Amino acid sequence: MKIQHKIQSVFAGDMTGRAQQMSGHAQGGRQKKKSLTLFAGGLKDSLSDRIEQKRQSARKKASKLIKEQFSSDQEITENMETRRKDAKSLAGEKKMLQDFRKEAEKTLELAEKWETATPEEEAEKQTMILEQEKLIQDYTIQEQKKKGEIGEIYSSVNDTKRELLKRDPMVKAQKNAEAVMESAEDQITAMLWEDAKDAIDENLNEKFEEAEEAAEKKEEQEEKLEGVKEDKKEAEALTEKIQEGAKEQQDIQNALKKIMQDSELLEEEMKGLMVDSGV
């Protein structure tokens with residue numbers, strides 16, 4: 001018997017999803033593979049326990065469906081066998097009535113052939129004929145009644161057999177049992193999806209927190225870098241001022257030096273003038 005729905009295969013850590021077998025008579029069902037495969041990573045012990053409990057519960061329910069239907073079928077079979085025995089018993093009674101009727105017919109035939117010699121014998125003959133005719137009539141009625149009862153029994157048995165073949169309750173019970181197992185597998189798959197989703201969400205949250213921390217550290221580093229840049233600018237400005245001050249000092253020194261040189265030149269010129277004038 002084929003299962004109409006597909007069973008999802010689930011790979012969860014070291015747990016390999018397998019096609020669930022039917023318990024009892026449902027084990028004969030051939031399960032198709034589902035196209036969807038779920039990778040849920042390492043399963044928590046609590047989730048593994050819940051999955052196993054759900055599968056065990058489904059197996060018990062499926063097994064109960066099969067056993068109940070088997071018991072029902074067995075009861076129907078026993079009932080049909082009892083009715084067949086009743087029919088055989090009625091057939092034996094019918095055969096006995098048929099034998100009695102045949103004996104009465106023989107007695108009637110002999111009575112009708114009896115050649116009586118006196119009025120008393122003739123009266124006895126007529127009485128015997130009437131009795132045998134009455135017996136034949138009674139036997140025939142009872143025989144037909146037995147025949148009708150036998151026919152009703154076999155008709156009822158055949159109707160029951162046809163109805164069983166038409167409904168095939170055991171096949172239906174197997175399908176129901178398989179549906180129970182498939183439903184359990186679907187629920188397990190949903191549980192695994194939920195567990196995987198939670199794990200992914202948790203991992204994403206951790207990554208997000210790590211990214212936030214990294215962003216904060218980067219912001220701190222950028223602030224520090226900005227501070228260094230500001231310090232560098234201030235240092236450069238200070239250096240520039242010092243250089244400017246040094247340049248100004250150099251200019252002053254050069255101006256003083258020039259004045260001194262000019263003074264010396266003027267002194268020499270004065271000395272020359274004084275010599276020329278004879279002073």
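Biologist: In this predicted model, which residue forms a salt bridge with E68?

Modeller: A salt bridge is counted when a side-chain nitrogen of Lys or Arg lies within 4 Å of a carboxyl oxygen of Asp or Glu, and here the closest N and O atoms are 3.9 Å apart, so the pair of E68 and its partner qualifies. Both residues lie in helix α1, four residues apart, which is about one turn of the helix. E68 itself has a relative accessibility of 44% and therefore counts as partly exposed, and the residue that E68 pairs with is K64.

Biologist: Is D138, which forms a salt bridge with K134, buried, partly exposed or exposed?

Modeller: The closest N and O atoms of D138 and K134 are 2.8 Å apart, and the two residues sit four residues apart in helix α2, again about one turn of the helix. Its partner K134 has a relative accessibility of 45% and therefore counts as partly exposed. For D138 the value is 25%, and because buried means under 20% and exposed means over 50%, D138 counts as partly exposed.

Biologist: How many residues apart in sequence are the parts that the pair E93 and K146 ties together?

Modeller: The side chains of E93 and K146 meet in a salt bridge, with 2.7 Å from N to O. E93 lies in helix α1 whereas K146 lies in helix α2, so the pair links two helices, and the parts it ties together are separated in sequence by 53 residues.

Biologist: Which residue of that pair is buried, with a relative accessible area of 18%?

Modeller: The cut-off for buried is under 20% relative accessible area, with partly exposed lying between that and 50%. E93, at 30%, therefore counts as partly exposed, whereas the residue with 18% falls under the cut-off and so is buried, namely K146.

Biologist: How many salt bridges does the structure hold?

Modeller: As a general point, side chains of opposite charge can pair when their charged atoms come close. Beyond single pairs, R101, E105 and E143 are linked in a network of salt bridges. Taken over the structure, the number of salt bridges is 11.

Biologist: Are the rings of F100 and Y139 stacked, tilted or edge-to-face?

Modeller: The count of aromatic pairs comes to one. The ring centres of F100 and Y139 are 5.6 Å apart and their planes meet at 40°, which lies between the limits of 30 degrees for stacked and 60 for edge-to-face, so the pair is tilted.

Biologist: Which helix holds Y139, the partner of F100 in this aromatic pair?

Modeller: F100 counts as partly exposed because its relative accessibility is 37%, whereas Y139, at 17%, counts as buried. F100 lies in helix α1, so the pair ties together parts that are 39 residues apart in sequence, and the helix that holds Y139, spanning residues 119-167, is α2.

Biologist: Which helix gives the most residues to the largest nonpolar core?

Modeller: In soluble globular proteins, nonpolar side chains tend to be buried together. The largest nonpolar core here has eight residues, namely A58, A62, I66, A173, A177, V180, M181 and A184. Two helices, α1 (45-113) and α3 (169-277), each supply at least two of them, and the helix that gives the most, with five residues, is α3.

Biologist: Which residues does K161 touch, leaving out those up to four places away in sequence?

Modeller: K161 has its place in helix α2, and because its relative accessible area is 39%, it is partly exposed. The C-alpha atoms of K161 and M80 are separated by 8.9 Å, although these two residues are 81 residues apart along the chain. With neighbours up to four places away left out, K161 touches M80 and R84.

Biologist: What is the approximate area of the nonpolar surface patch that includes I252?

Modeller: I252 lies in helix α3, and a relative accessible area of 47% is why I252 is partly exposed. I252 makes the patch together with L256 and I259, and the area is about 280 Å².

Biologist: In what order do the elements of the protein chain run from the N terminus on?

Modeller: Buried residues make up 22% of the 279 residues in the chain. The secondary structure comes to three helices and three strands, and from the N terminus on, the order is β-β-β-α-α-α.

How values were computed. Residues are numbered from 1 along each chain as its sequence is written. This is a predicted model: local features need pLDDT of at least 70, side-chain atom pairs count only at pLDDT 80 or more; totals for chains, interfaces and linings use all residues. Side-chain values use heavy atoms; hydrogens and water are left out. A nonpolar core is a set of buried Ala, Val, Leu, Ile, Met, Phe, Trp, Tyr and Cys residues joined through side-chain atoms within 4.5 Å. Buried means under 20% relative accessible area, exposed over 50%, partly exposed in between (1.4 Å probe, protein chains only). Rings of Phe, Tyr and Trp (its six-membered ring) pair if their centres lie within 6.5 Å; planes under 30 degrees apart count as stacked, over 60 as edge-to-face and the rest as tilted. Patches are made of residues with over 30% relative accessible area and no salt bridge: like charges are joined within 9 Å, nonpolar side chains (Val, Leu, Ile, Met, Phe, Trp, Tyr) within 5 Å. Accessible areas come from the Shrake-Rupley method with a 1.4 Å probe; for residues, only the protein chains shown count as cover. Contact means heavy atoms within 4.5 Å.
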